Amino acid sequence: MRSATKNRGSRSSVPTEAAHLDTARRHLAAYELIVDSHPAWGATILFYCALQLVEAYFARLARHNRSHSERERSIKSDCQGIWPAYHRLENESLKARYLEGGAFAMPAKSVRRELFDRHFSALLMHVDPQGNWLQSARPAMSAEGAEVTA
Amino acid sequence: MPKAHRPASSEPIHLSPTTSPVVMTPEDCDRFVMTQREVIEACNGQLTRVATERKVRDDINATVTDVIQWARDRNDVHSCFIAPRMDDLLIAVVAKDEDEGGALHDAMCELDLRIFQRNRLRFYWLLLRRTEAEGLDAFSDKESRVQIFRAD
């Protein structure tokens, strides 16, 4: 059985790289399910998927960021290449959640094209350069999508 | 062992890093009893705090200057605001348009990184498209934010 956390049972346990990747995979499946009907929530889930991938990247380096601000410092200090993509995803997810009166301006097509195809893909190039995670996530996306829609 | 004393004249009080006691009674009579070493440490702490405050203030001023100049140099920025949040400062940039293609966002991130590399301060940068500009109230109080740039 795969361990989802290091130091299980201790108060300071942190998720492993595998646990982050698994969470990201589930987020991506949820994104695919929801993005066309609820683009604002699609953008939000996509950001949290990116966050898990970034944490998986840092977990590989035996590092763990406990807060958004700590993560931001880590990215800006050690992984600057992904900052524009990560920040764009974070910005849109914040606006999706907090802009009042449904003012979030991105339709589903733009979420897919700008956020997924451009920014999420750019981030993936850094944290998953071989495309291994995406390959493993895509079949799961289909399976989970079929399960939910059945 | 050197001894602290209260001079009757304007003679300076001399303290050394020892454990000899010092008693200070400010106007509110909230008496402090410390060792001379602790008084010296407190002085050092205060000097550090004042220097840090000055540096942070200078860094924030320099950042505001940079944001204003950056916005002036572009033709796609409508306005910029700075506002305090719980644990950092928000810099909000309102675009003149919908920032199709994200060029303004990319330029804003570049500026953000440049400023972070210089001062290591964390600002939260938010880009609002023209149609989202009214939503600024969701991220900062009208009373506490300051407009630092507005295009002519």
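## A:N91 at the contact between the chains

In this predicted model, A:N91 touches six residues of the partner chain once its neighbours within four places in sequence are left aside: B:H105, B:M108, B:Y124, B:W125, B:L126 and B:L127. The residue itself belongs to helix 4 of chain A, which spans residues 83–98. Is A:N91 buried or exposed? Its relative accessibility is 0%, and A:N91 is therefore classed as buried, since the class takes in residues under 20% relative accessible area.

The partners of A:N91 include B:H105 and B:M108, and helix 2 of chain B covers residues 103–119. Also among the partners are B:Y124, B:W125, B:L126 and B:L127, while strand 5 of chain B runs over 123–128.

## The interface as a whole

How many residues does each chain bring to the contact? Chain B contributes 27 residues, and chain A likewise contributes 27 residues. In chain B, the greatest losses of area to chain A fall on B:R122, B:Y124 and B:R129, which together account for 24% of what that side buries. One of these, B:Y124, is also in contact with A:N91.

Between them, chain A and chain B bury about 2300 Å², and carbon and sulfur atoms hold 49% of that area.

## Chain A

Chain A is built from six helices and has zero strands, so that its pattern along the sequence reads α-α-α-α-α-α. Of its 150 residues, 47% are buried. Among contacts that link residues at least 6 apart in sequence, 60% join residues at least 24 apart.

The accessible surface of chain A amounts to about 7400 Å², with 53% of it on carbon and sulfur atoms.

## Chain B

Two helices and six strands make up the elements of chain B. Starting from the N terminus, their order is β-β-α-β-β-α-β-β. The radius of gyration of chain B is 24 Å, whereas a compact globule of 152 residues would have one near 15 Å. Along the principal axes, the C-alpha atoms of this chain occupy a box of roughly 75 × 30 × 25 Å.

In chain B, 40% of the 152 residues are buried. Contacts between residues at least 6 apart in sequence join residues at least 24 apart in 52% of cases. The chain exposes about 9400 Å², and 53% of this comes from carbon and sulfur atoms. It carries 21 positive and 27 negative charges, whose mean positions lie 5 Å apart.

## Positive phi values on either side of helix 2

Most residues other than glycine have a negative phi. Which value does phi take at B:D99? It is near 50 degrees, a positive value in a residue other than glycine. B:D99 sits in the loop that joins strand 4 (89–95) to helix 2 (103–119) in chain B. With a relative accessible area of 7%, B:D99 is buried, because that figure is under the 20% cut-off.

A positive phi also occurs at B:R120, near 60 degrees and again in a residue other than glycine. This residue lies in the loop between helix 2 and strand 5 of chain B. B:R120 has 41% relative accessibility and therefore counts as partly exposed, the class between the 20% and 50% limits.

How values were computed. Residues are numbered from 1 along each chain as its sequence is written. Chains are lettered from A and ligands numbered from 1 in the order in which they are written. This is a predicted model: local features need pLDDT of at least 70, side-chain atom pairs count only at pLDDT 80 or more; totals for chains, interfaces and linings use all residues. Side-chain values use heavy atoms; hydrogens and water are left out. Helices (H or I, at least four residues) and strands (E, at least two) are DSSP runs, numbered from the N terminus. The radius of gyration is taken over C-alpha atoms; the globule rule is 2.2 Å times the number of residues to the power 0.38. Buried means under 20% relative accessible area, exposed over 50%, partly exposed in between (1.4 Å probe, protein chains only). Contact means heavy atoms within 4.5 Å. Accessible areas come from the Shrake-Rupley method with a 1.4 Å probe; for residues, only the protein chains shown count as cover. Lys and Arg count as positive and Asp and Glu as negative; His and the chain ends are not counted. The place of a charge is taken as NZ of Lys, CZ of Arg, CG of Asp or CD of Glu. Buried area is the accessible area (1.4 Å probe) that two parts lose on being put together, summed over both.
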